[in-house]
Structure formats: C-alpha cells, structure tokens
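These are my notebook entries from a session spent looking up contacts, packing and backbone geometry. I record each entry in the order in which I turned to it.

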Amino acid sequence: MLKLIPIALSLLLLLAVPHPLQSSDVFPYSYKIEELENGLKIISIPLPNPSIISYYTIVRSGSRNEVEPGKSGFAHFFEHIMFKGTKKVPRAAYDDFLTRLGAGTNGFTTDDYTCYFVVFAGRENLEKVVETESDRFINLYYDEEMLKTEAPVIEGEYYASVSNPGRKLAEILRDTAFEKHSYKHTTLGYLKDILDMPNQFEYSQLYKKRFYAPDNSILLVAGDFDHNQLMEFVRKYYSPWERSNYTLVTPEEPAQAEAKRVHYQWPSPTLPRLAVAFHGPAYSDENSDKPALDLLAKIAFSPSSSLYQKLVIEEQKCLTLYASFDDKRDPSLLTFTSIIKKDEDLPYVEEEIFKELERLKTEPVPAEPLAEVKSNLKYSLADELGTTDGVAGALAFYINLTGDPGTLNKLYGLYEKVTPADIQAMAKKYFVKSSSTVATLSGGKAQ
Amino acid sequence: MRKTMNQWLSEILVLVMIFMSVSCKKENPNNLTSELLPLEGNPLVQLKILLKVGSANDPSGKEGLAQLTFSLLANGGTKTMTYKDIAKAFYPMAASVSVQVDKEMSAFSGTIHRDNLGKYYAIFKEMLLNPGFREDDFNRLKTDQLNFLEKTLINNMDEQFGKEILSLMLYNGHPYHHTPAGTVETVNNITLGEVKAFYKDQVVQGNITIGLAGGYPADFPAKVMADFSALPQTFTPRLSLPAQSMPQGLQFIIADKQTPATAISMGFPVSINRSSDDFFALWIAGAHFGEHRQHVSLLFQKIREERGQNYGDYAYIEHFIQGRDKFPATNYCRQQQYFSIWIRPLANSNRHFVIRQALRELRKLVDEGISEERFELVRTYLLNYTKLYAQTLDERLGWQMDSHYFGYKDFLAEVQLRLPKLGREDVNRAIKKYLNFDNVYIAVITQDGGSLKKALVENAPSPITYTNPNMDKAVLEEDQVIQNYPLQINPENMKVIPAAEFFKKPGIPAENPY
C-alpha cells in the first residue's frame, strides 16, 4: 500500500542541487565573497531552501594558538566565555533572544579554529541575528567573577569523557609524538591547565585582543536570504570591529629522530586500543602530498581495503580499524587506529599495520581501488551537502584552512590527478620508522 | 489547459489507490505500509525500513536477540554476497545500511545518491529479504555485542551506564527491562538457529513500513513494495504491556567503580505518551525544566551556569536519544514513557549536593509550577525550534513515521496548532498530574558508593566550595538551603552494587554478590 505525502509539503526544506556530480566542481553552489575594510571576510551562499538560515562565525584560532606554557585548552575555554554577553545585551538577554528565536545554536573548538553558529528559521530575523552576533564579538563583556564561575564547567566537560579510553589514547599519542608544536595537546587541554583556568582572567583579555578580531575571522551565511540585504546588515553592524594585526608564530616541530612508543594502563577492563602515527604534511590545495596521502589512507584502511577485511571481518581480531589524516593548518599526524578484541593481539595488529605500510612503498596501488576511493569521496561530499546546515558545516572546515571556499574544488581537483605512483612516493616519503609513534592502551582487572 | 480523458482517468485511479491503501491499512494488519516523500530533482534518495518490533519482543532467556538479529542483517552477508563483498560494493557509492534497535521499534536506513540507486537497492533488499546468516558473521557480531556489555558499557561510557541502570530500575520485571544489547548470559545462549527463527517470525509484512524520500524514479516505490511483498503476510500484535510501577519513595542504585567523576540519572514512569492531549502541556514543562542542551533549561541554569558544577543538566518527558546536532532522533517510539533527569558527570566531592539540588528543583517545579513569563518564553521557543527538527531526508521520513505511530498526520504541524491554544494553567495542571518528587528512581555511578550511601541516609550536610571567592550572594544563600535539604530515604531502598556486576544476567544484580 502506498501512502502519498503531499508533494508541495515535501518540497519544503530540502535543497535542489543545480549541478550534476560529473561537473568538475564538487561544491555545486554559487557563493559570493566580500571583505570589509576591517578585514572581516563574508562568504554568502544563498540557497533555494525556504526559511532556514545557517549563520556561522569562524574564528581562525584553536588549540594551535595555545603556544604558551600553561595555556593548553584556552581556545576552548574562551569559546565558553564568548556566551557571557555584553553590556548592551547581557547574557540573560542574549539567551532570551536565541530562545525566542528557537535557534539551534552552539560553539565548538578544534585544533585550528573556533566556530559559533546560529541556525534559525525566517529571513525576517536575519538583521537581529547580525546585530546580536556582531555585538558579542565586538563588545563582549565579562568580569573576573564570571570567568571564575565558568572555569569549573571545563573541568566538568573533562569529566564527561573521563571514562572514554579513546580520549586518553589521543592524549598520550599527541603528547608523545610532538615535542614543540601546540598540536601536542588536545583541544580540552591538560587537566593541570584546566584547573588553573580560574586564574587566567588577564590572559583571557589578551587572548581576545589577539585573536577575536575581524582580520582573524570569517562570516559564513548559507540559506534563505538576499545577499545584498545581508551585506547591508553586515556593514552596518560589523564595521566598528577593530583589527588586531596580530601574527601568531607557532613553534616549528623538529624532525623526529627515532621511533617512539607509549602505553597507558586503563584501570578497569576495556578493549585494548592501538594508534600508529607518523608526522605528515599540512593541508594544501596546491601541493599534492596531502591529497595523495588522503587517498592512500582510504585505499589501505577503509572497509573495502584488504587489511580491514582481513583484520575486522575474516580474522575478527579488530572491532574497528581506520586511518585519520586530518587536514590541519600546520604539519600534523597521519594516524592508524584500532580497537582490538584481545590484549594478546595488540602486537599482531601493530605488525600488520606496519607490513601494509611497507607494502605501499614497494607495490603501486591498483587502478581500481584508486578510482573507487575517488568515487567515495565525491558521493560522501554530496551526502554531506544535503541540507543548508550541511553546506555551512562542511564549508566552515575548509574555509578555516585557507579562508577561501574555492579550496574545496581545488582539493578535489588534486584528488582526480593523484596516480598510483604518487601514492607510492608518499608512502616512501612519510612512513619512515624513525618518524613513527605507537600508542597503546589496555585494560585492567574488574574492580 | 483542458485535461484529456486519460488524464482524468489517471487522477481518479490515483485517488482510488490512495483511498484503498488507507482502507487496507485499517482493515488488514498483515500488509506492508509505506511512507513516500518524492522530491523530484533531489540528488539523494533515502530508504528506511521501519520494523514495529524491538528488544521487548526478545523471548525470556534470549535477551539481546532482536539486536543481534537485526545487526546481522545490517552488518552481515546475503545469500549470494559475503559481508566483504558488500563492503567492497558499497564503498565507491559511499553507502551503508545503518540499524537501530529500541524496545518496540527498529529501523534500517540508508542514504544513496540517485546515480547509484539501482546498484545500492539491489544489495539493500537482499540484506533484508535474503540474509546469508553465516556462522562467521554471527560469531563476529555476537562477540561485539558481548564486548559491549562486559567491557564498554560498564567501563567506557559512564553516562550511558547510568541511563541503563535507571532503565533497569524503571522496568524491573517488565518487557522493557533489558537494554537492547541484552545480557552476557542471555547473549551467550543465543544460537544462529534462534536468530533465523526470530527473523522469520518478526521480519514480516505487517511489521514493516517502507519509507522512501528524495529523487527516486516514479516507478521505484511499486518495485520496492513488490519485492517486500515476498515476506510472509502476517504481523506481530503490538505488545500488551503491564502497568508501569512507580518507585516507592526515593530508590537508589549506586554502581561502585573507580572514577574521579559521578554520573547521575533519575526518573519515574509517566502514564502518557506523545498521543495524549496532555503531552503538549507536559512537553512545555519538560523543556522549561530541562530542555536538552539548551540554555533555556532551568536545571542547566541552576547547576551549570550559576555554579559551574558540570557540563550540563537536562530533563525529558519521554525516552530521548540525541540525533543530528542536538535534535531528537526519530523512530524510538514506545507505548510507555518515563520522566528523567540527566546530571552530567561532576566531581565526586559535589555529588551529594547536586542530588539534593536536582530533587529540590523538582519539588519546586511540582509545588510552584511554571511562571507566566517562563511559560510564554518556552512555548515560543518550542514553536520555533521544532521548525528545525526535520531537515535531512532521514529526519523528514522519521518524523512522518513517528507521527503516524502516535496517531497524527504530522506531529510537527500539530505542534504549531496545539501549543498556541495552551495556557500556563494547562502546563501546571499537567505538572501536578504527571510529575512528583517523592517517588523517584535514582542511578548513580561513582566511587566509594558506601560513603555516599551513608551520607544520604544520615542526611548529612553537603556543603560545596567554589574556585570563585566572590560567588553571587543569592547563590551562596541558596546553597545553605540545598546543602541541608532533607531527603527521606529508607536505607533498604538504597543498594550499592559493584559496577562489574551489571548486565551479567537479566534484572538488577544483588547488592553483595560475594
């Protein structure tokens, strides 16, 4: 029996994609880029999606910017402070406005950027959103008491994932693999630094002055609005925002001279975990090193790969096996991670990962899996871009890297050009034993 | 332009089909049903197979069977393809089949680009209609389910652990009593033959609603319906559930483990679900008291914002699973529901204080109700926020299916009609009718549970300290009241149980198993 939902209703909210996927551009929407005199860049993507608008403010500052000792986790802490309001619109009034708007709103912090979003219905609300959001970025007000009350919330956030061994594995891996660069710590930061946050009022003011400025921020708006009207509002409300002109210098990570290893004993029973990491390149849409490595990761470690099928499906040694080569502004880690079913199989899985990496150095990958991975990347992106918020969220990540939404098409252009020989060359260049760090975690006895 | 005779006839035929389908749905529960959301030009297609059975249909002694069976469909091979073959075939399409299993409802979902619909659907239907039931797939997934119960749930996810203990307390002796993953003992007892038999009994036409959304071809729904019509034409009657049992006083279970942070969940049954007229008023009360991860939540304001105790504090008037972003996930419908409070992990030293604070706030809610100002604010919030609920194809289908489960044509449209008609007095009446503060189940995951038990039973003062030496005076004054707020607890209503004892077999473990 078929039951039909009225078509007119069904057309609401969902997007029509104007270009077929065989187009050379994987990002199928047109966009406009403008820049105010103060350096604030505005990227607008009007979409034929009735009613919903995604309003993202991207501050290009994340835990990467925590270069001073004792300041780990500060970018994330400051994200919390950004919700304290202004003298004109105090916290309670800000909350009241967003509550009445029924907005989906939050912030999140990554290694490289901090993002604030307001997703709401009704273009008639756009001006008020622009006015309110600009106000808190320009006129944020908080005192030392407010900071001291917020600081323990970060401790609570740390506790929220304290029972997760995956977080602990990531902590020890980064801490061991990096010597100097701020990617050494996670976004949450070291617990000792979290506990010291109540004493960091002065530094918080300095942090804001350095990084919460128009020349370090990008406004990304996608959805149901008129570009010219958006720009009218943006000019009106964001123009007073003053530049910072601050230049961050991140410590250069020295080349790793010898292989490293670290282990953590989890206090209670848990499935053992393994991470094998190598130092890799920064994101680039011009150099093909990173794109080639992205494809390598998927060919060798995706569910269709021979290693995954052997370890996860056939031999059933692993619960999970995956590669994560995150795109970062500075050189970062190429990591292979697995949750393993038995402690005694940890060495075997590690050995199999290293064997696979050696094989990639000596044997070019066949053409067929390379084509399959390129296909997977395109269709994954098409799925992600299925809603207004999907478009804004995907683009926010890439915009943080280069400031240019065109980077997405450039990146996928590079993917298309990667050959088996490129992948083999990258394996030889980056999977050097002395550049590796192995982190393991295994469980204890029941309490 | 005038219509031709053929056009007229076609339209009449469609109308007759719609009428017949609605009629058939009422008259013949043995047949498939469907939800269609055609969106011409959309590049994506969403497939969803909704099954009106779940873990509450597990036979006694085989708890975990529904989860294992449906996992095997979504993560195992077909008669003609191994799971390895499927993984290889899906990869270039960026495709997968996801599965979720709740007490009375399960769902298989997949999103696919229309370029690949034919190839994807050919495998999707085989996974559900002709599963391979291979021994190696069965062993792999059974081991994963056991590892989840023995290691992950108890040791790696304390917040979920707390919610599962609350569920054990709410549904002791009830068909909802076990987590869908089952228990170690009962999953160990499940054989591949039992999985096959469960599939044969439960994956039948009358239990299935086929959902399709997006840019699929016009003839696609008929093809899917024809394919799934090969399943047995029968159905599983909706479970006849016993009355839910209210807690008698404040009933605690403390799961004892080594941890620096305490996770707390508390709640009690409520006698209505989303189909009730009173649901809308109670929903406003729930959002006012503890809207999920929103500043409007009163608990969030009192515990996190004013005192910086933890990451967040929320309350719900029905079973809640977070979906995309912070929105409610769909297809977790249940006949019976419960009210709950979720206190996110906080320092062990402050656990007694926060238990008192949450129960005191609950008492204030029941005694004082909602103010006119808050009523108007929260109602406005819900009217606007719910406009964001259904954005993806999966969400659109999911909400539509859930609407029909509870007897609505479109629940989200109903919200826009019903909420403006409510007054503050409706909400306060619902609070008095369905909520209480005397009889509450409380699950606590913490360290040195014996000392917490002692402090609670003795009603010992529970002061807390702050890193901010200049806390707001009103907060400090209220703290004086909270730290001495009396809780009437019968020591016999408080069990301290080693964390490792949970989920070994059905029911609540004995307090001292040694």
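**Entry 1: Tyr308 of chain A.** I began with the contacts of Tyr308(A) and left out residues up to four places away in sequence; Tyr308(A) then touches Phe301(A), Ser302(A), Pro303(A) and Leu321(A). I note that the model is a predicted one. I placed Tyr308(A) in helix H11 of chain A. Is Tyr308(A) buried or exposed? I counted 23 other C-beta atoms within 10 Å, and because the cut-off for burial is 20 or more, Tyr308(A) is buried. I also looked up the pair Tyr308(A) and Tyr322(A): they stand 14 residues apart along the chain, and their C-alpha atoms are separated by 8.1 Å.

**Entry 2: the helix around it.** I then took H11 of chain A, residues 306-314, as a whole. Its buried residues are Leu307(A), Tyr308(A), Gln309(A), Leu311(A), Val312(A) and Ile313(A). What covers the buried residues of H11(A)? From chain A I found helix H10 (289-301), strand S9 (318-324) and helix H12 (346-362) among the covering elements. The cover also includes a part of chain B, namely helix H3 (83-90). After H11(A) comes Gln316(A), for which I read a positive phi, near 55°.

**Entry 3: two asparagines with positive phi.** I looked up Asn245(A), which is not a glycine and yet has a positive phi of about 60°. I located Asn245(A) in the loop that runs between helix H9 (227-238) and strand S7 (260-265) of chain A. Asn245(A) has 10 C-beta neighbours inside 10 Å and therefore counts as exposed. In chain B I turned to Asn459(B), where phi is near 55°, again a positive value in a residue other than glycine. Asn459(B) sits in the loop between helix H17 (449-458) and helix H18 (473-482) of chain B. I found 15 other C-beta atoms within 10 Å of Asn459(B), so I entered this residue as partly exposed.

**Entry 4: a helix pair in chain B.** How do helix H10 (residues 279-290) and helix H16 (residues 424-434) of chain B pack, and at what angle? I read an angle of about 85° and a separation of 8 Å between the axes. H10(B) is therefore roughly perpendicular to H16(B). On the H10(B) side the meeting residues are Ala281(B), Leu282(B), Ile284(B) and Ala285(B). On the H16(B) side I listed Asp426(B), Val427(B), Ala430(B), Ile431(B) and Tyr434(B). I sorted the contact by class and obtained 8 nonpolar residues, no polar residues and 1 charged residue.

**Entry 5: the domains of chain A.** The domain assignment divides chain A into domain 1 (29-238) and domain 2 (260-442). Over C-alpha atoms, I found 28 Å between the centres of domain 1 and domain 2 of chain A. The contact draws on 32 residues of domain 1 and 26 residues of domain 2 of chain A. Which elements of domain 1 of chain A supply at least two residues each to the side that touches domain 2? I noted strands S2 (41-46), S3 (52-59), S5 (114-121) and S6 (217-223), with helix H6 (165-177), all of chain A. H6(A) gives the largest share of this side, 8 residues. By class, I recorded 20 nonpolar, 6 polar and 6 charged residues on the side of domain 1 of chain A that touches domain 2.

**Entry 6: between the chains.** I next looked up the contact of the two chains, in which 78 residues of chain B meet 65 residues of chain A. Helix H5 (residues 135-155) of chain B gives the most to the chain B side, with 7 residues. I divided that side of chain B into 35 nonpolar, 27 polar and 16 charged residues.

**Entry 7: each chain as a whole.** For chain A I recorded 16 helices and 11 strands. Its radius of gyration is 23 Å, which agrees with the value near 22 Å for a compact globule of 447 residues. Of those 447 residues of chain A, 49% count as buried. For chain B I recorded 18 helices and 11 strands. The radius of gyration of chain B is 25 Å, which agrees with the value near 24 Å for a compact globule of 514 residues. I found that 50% of the 514 residues of chain B count as buried.

Technical notes. Residues numbered from 1 in each chain as written. Chains lettered and ligands numbered in written order. Predicted model: local features only at pLDDT ≥ 70, side-chain atom pairs only at ≥ 80, totals over all residues. Domains from an automatic or database assignment. Contact = placed C-beta atoms within 7 Å. Helix = DSSP H or I, 4+ residues; strand = E, 2+ residues; numbered from the N terminus. Nonpolar A, V, L, I, M, F, W, Y, C, P; charged D, E, K, R; others polar. Axes fitted to C-alpha atoms, helices over the stretch in contact; angles between N-to-C directions. Parallel < 35°, antiparallel > 145°, perpendicular 65-115°, else oblique. Rg over C-alpha atoms; globule rule 2.2 N^0.38 Å. Buried ≥ 20, exposed ≤ 12 C-beta atoms within 10 Å, placed from the backbone.
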